[in-house]
Amino acid sequence: MIVNFDKLCEELEKQELEAPNGVATTTTYAQLLAIYLYQNDLCNAKFLWKRIPQNITSSNPEIAAIWAVGRKLWKKDLPRVFQTLAAYHWEEPVATIMRALEENVRERVFNLIGKSYSSISIETVVSTTWLSKEAVLQICRDRKWELNEDGVTVNPTPPVQPAPLHTSSEDQLFKLTDFVSFLEN
């Protein structure tokens, strides 16, 4: 099922704003928090987490589990993001968003690996992505990454991205920060 998360986000934000007494439903908060994480909008996710009433956050383990994923994303602890995602049994409609989030984060991880490394061990990719060795090897083949003769390392190639028409210094700083943060992990 293909979901337009941007449109759903707008609808959920509207529901929150129009909620009686300013308190939205638990489902609205859970979906909105999950979508912010999917969009990698950690500032809005943190802001939402702080304004969800305490009785909702303490009585709803799913919202707490979503925010546990958010904390790992905030810290850029990517292996723990996957571990935290796998540790909870998500219920619909949040499950669809969390699966999309997992795919999105995993794609970002592979793109960062492609940008950051000229050679990396397959075991490191496995531990970072929480995929099986077979799945990692298949993704490496799909991306046309060169598997070294030793069978232990792979030579990633940077993802092909269209050149931006104009890159602001703020955008360059964000990319550099993202790159350095990834290398530090």
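At 26% relative accessibility, Glu102 counts as partly exposed in this predicted model, and its side chain meets that of Arg106 in a salt bridge with an N to O distance of 3.3 Å. The two partners, Glu102 and Arg106, are four residues apart in helix 7, which spans residues 94-116, and they are therefore separated by about one helical turn. Arg106, in contrast to a residue classed as partly exposed, counts as buried, because its relative accessibility of 13% falls under the 20% limit for that class.

A further salt bridge involving helix 7 is formed between Arg143 and Glu107, for which the closest N and O atoms are 2.8 Å apart. Since Glu107 belongs to helix 7 whereas Arg143 lies in the loop between helix 9 (133-142) and strand 2, the pair ties together parts that are 36 residues apart in sequence. Both residues fall into the partly exposed class, Arg143 at 22% relative accessibility and Glu107 with a relative accessible area of 38%.

The search of the whole structure finds six salt bridges, and one of them joins Asp77 to Arg80, with the closest N and O atoms 3.9 Å apart, a value that lies within the 4 Å limit applied to such pairs. Asp77 counts as partly exposed at 27% relative accessibility, and Arg80 is likewise partly exposed, with a relative accessible area of 43%.

Arg80 also takes part in the packing of two helices, being one of the residues through which helix 6 touches helix 5. The axes of helix 5 (residues 61-74) and helix 6 (residues 78-86) come within 8 Å and cross at roughly 175°; as angles over 145 degrees count as roughly antiparallel, the two helices are therefore assigned to that class. On the side of helix 5 the contact is made by Ala65, Ala68, Val69, Lys72 and Leu73, and on the side of helix 6 by Arg80, Val81, Thr84 and Leu85. When these residues are sorted by class, the contact has six nonpolar, one polar and two charged residues.

The strands of the model form an open sheet, in which three strands are arranged in the order 1-3-2 with antiparallel pairing. Strand 1 (120-121) and strand 2 (146-147) stand at the edges and have a single partner strand each, so that one side of each is left without a neighbour in the sheet. In general, the strands of a sheet pair through backbone hydrogen bonds, in either a parallel or an antiparallel manner. Strand 1 and strand 3 (residues 153-155) run antiparallel and are joined by two bridges, and the residue of strand 3 that serves as bridge partner of Ile120 is Val154.

With regard to the chain as a whole, ten helices and three strands are present, and along the sequence these elements follow the pattern α-α-α-α-α-α-α-β-α-α-β-β-α. Taken along the principal axes, the box filled by the C-alpha atoms of the protein chain has dimensions of roughly 65 × 40 × 30 Å. Of the 185 residues in the protein chain, 38% are buried. Among the contacts with a separation of 6 or more, 61% are accounted for by residues that stand 24 or more positions apart.

Conventions. Residues numbered from 1 in each chain as written. Predicted model: local features only at pLDDT ≥ 70, side-chain atom pairs only at ≥ 80, totals over all residues. Heavy atoms only, no water. Axes fitted to C-alpha atoms, helices over the stretch in contact; angles between N-to-C directions. Parallel < 35°, antiparallel > 145°, perpendicular 65-115°, else oblique. Contact = heavy atoms within 4.5 Å. Nonpolar A, V, L, I, M, F, W, Y, C, P; charged D, E, K, R; others polar. Pairing = 2+ DSSP bridges. Buried < 20%, exposed > 50% of the residue type's maximum accessible area, 1.4 Å probe, protein only.
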